[in-house]
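Let's take a walk through this one together, starting from the inside and working outwards. Have the viewer ready.

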Amino acid sequence: ISQVLSLGVKPENIIYAHTTKPQSHIKYACELQKVSRCHPKAKLVLRIAVDDSSSFYRLSSKFGAGLSTTGRLLECAAELGLEVVGVSFHIGSKCSQSLAFRQAIADARSVFDTAVSDVNLLDIGGGFSGKDFPFSEVINGALDEYFPFESGVQVIAEPGRYYAESTFTLAANVIAKRVIMEDMRTEGESPEKLMMYYLSDGVFGSLNSVLKFTDKNEAVDNDEKRYRSVIWGPTYWLLFDNIGAYGISISTEFNGFKRSSIYSVVTNETWHTLNLSSQ
């Protein structure tokens with residue numbers, strides 16, 4: 001938050017979405033009781049738990065108030081003299097069912113209808129894929145139905161993955177190769193070859209996000225013979241697309257392996273456009 005403020009962003013344009021905040025962050029935001037003691041003029045957003053069973057990485061079991069408790073929370077905020085200005089939810093990362101978004105938006109509408117104060121902000125969360133996001137029509141339809149333009153509700157989102165995911169490709173160096181002949185053949189067949197590749201990066205580095213989000217990477221299409229392969233982390237190069245969302249932020253320097261360097265790559269046309277715009 002300090003870094004964002006130093007860039008000139010106004011405090012009223014910042015959403016501190018983490019639902020449980022340490023006391024040391026009190027000058028920025030905190031929960032109801034903390035707010036009432038230390039920041040009584042804060043504008044609050046109530047996060048609700050939604051059905052995220054169709055998402056790969058689920059969050060509602062950890063964050064968000066159940067619909068049966070939101071009424072009491074809103075009453076408690078009013079009793080403490082706190083202003084609740086909005087409702088938020090997060091469907092989880094990599095949701096596979098568009099109707100989950102529709103239901104979450106409908107649930108948010110029910111909270112708006114029971115609010116005792118002027119609630120005018122809806123945060124529909126994030127987790128949207130930057131590669132393929134086919135749910136926009138369903139989301140926009142639900143917003144038109146439950147929060148039409150004339151309602152005056154401001155709708156925001158948290159599209160971090162959407163913007164960052166496809167902007168990075170990881171080039172991992174193959175530092176060694178091992179060939180294993182597995183004698184699992186039937187009579188008349190040759191032993192099966194198993195390839196092992198040892199990379200300069202791995203799941204403790206830029207590929208840490210693979211443990212959590214298990215992105216499937218397709219092999220480059222060519223005519224070369226393929227073998228069953230095992231890839232071991234820390235030269236040939238292996239490229240992993242769409243590594244931007246968490247490949248950088250949660251990588252480590254475990255076992256002395258440095259984080260991967262970052263290089264900007266653009267097409268000649270883009271480079272020409274950037275040069276023209278800077279003149």
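Which residues have the most contacts inside the largest nonpolar core? In this predicted model, they are Ile-48, Phe-89, Leu-122 and Phe-147, and the core itself has 35 residues. Plenty of elements chip in: at least two residues each come from helix 2 (32-38), strand 1 (43-47), helix 3 (67-79), strand 3 (83-88), helix 4 (98-114), strand 5 (121-126) and helix 5 (136-146). Helix 4 gives the largest share, with seven residues.

Zoom in on Phe-89. Skipping its neighbours within four places in sequence, Phe-89 is in contact with residues including Ile-48, Ala-104, Ala-108, Leu-122 and Ile-124. Another core lies apart from the big one; it has seven residues, among them Leu-170, Val-174, Leu-199 and Ile-243.

Now for the rings. There are four aromatic pairs in the whole structure. One of them, Phe-101 with Phe-135, is tilted, at 6.0 Å centre to centre with 50° between the planes. Phe-101 sits in helix 4 and Phe-135 in the loop between strand 5 and helix 5, so this pair ties together parts that are 34 residues apart in sequence. Both rings belong to buried residues, and Phe-128 joins Phe-101 and Phe-135 in one aromatic cluster.

Phe-112 and Phe-147 pair up edge-to-face instead, with 4.9 Å between centres and 70° between the planes. Phe-112 and Phe-147 are buried too.

Finally, the outside: Val-4, Leu-7 and Val-9 make a nonpolar surface patch with about 250 Å² of accessible area together. Val-9, in the loop between helix 1 (2-6) and helix 2, is partly exposed at 32% relative accessible area.

Key
Residues are numbered from 1 along each chain as its sequence is written. This is a predicted model: local features need pLDDT of at least 70, side-chain atom pairs count only at pLDDT 80 or more; totals for chains, interfaces and linings use all residues. Side-chain values use heavy atoms; hydrogens and water are left out. A nonpolar core is a set of buried Ala, Val, Leu, Ile, Met, Phe, Trp, Tyr and Cys residues joined through side-chain atoms within 4.5 Å. Buried means under 20% relative accessible area, exposed over 50%, partly exposed in between (1.4 Å probe, protein chains only). Helices (H or I, at least four residues) and strands (E, at least two) are DSSP runs, numbered from the N terminus. Contact means heavy atoms within 4.5 Å. Patches are made of residues with over 30% relative accessible area and no salt bridge: like charges are joined within 9 Å, nonpolar side chains (Val, Leu, Ile, Met, Phe, Trp, Tyr) within 5 Å. Accessible areas come from the Shrake-Rupley method with a 1.4 Å probe; for residues, only the protein chains shown count as cover. A salt bridge is a side-chain nitrogen of Lys or Arg within 4 Å of a carboxyl oxygen of Asp or Glu. Rings of Phe, Tyr and Trp (its six-membered ring) pair if their centres lie within 6.5 Å; planes under 30 degrees apart count as stacked, over 60 as edge-to-face and the rest as tilted.
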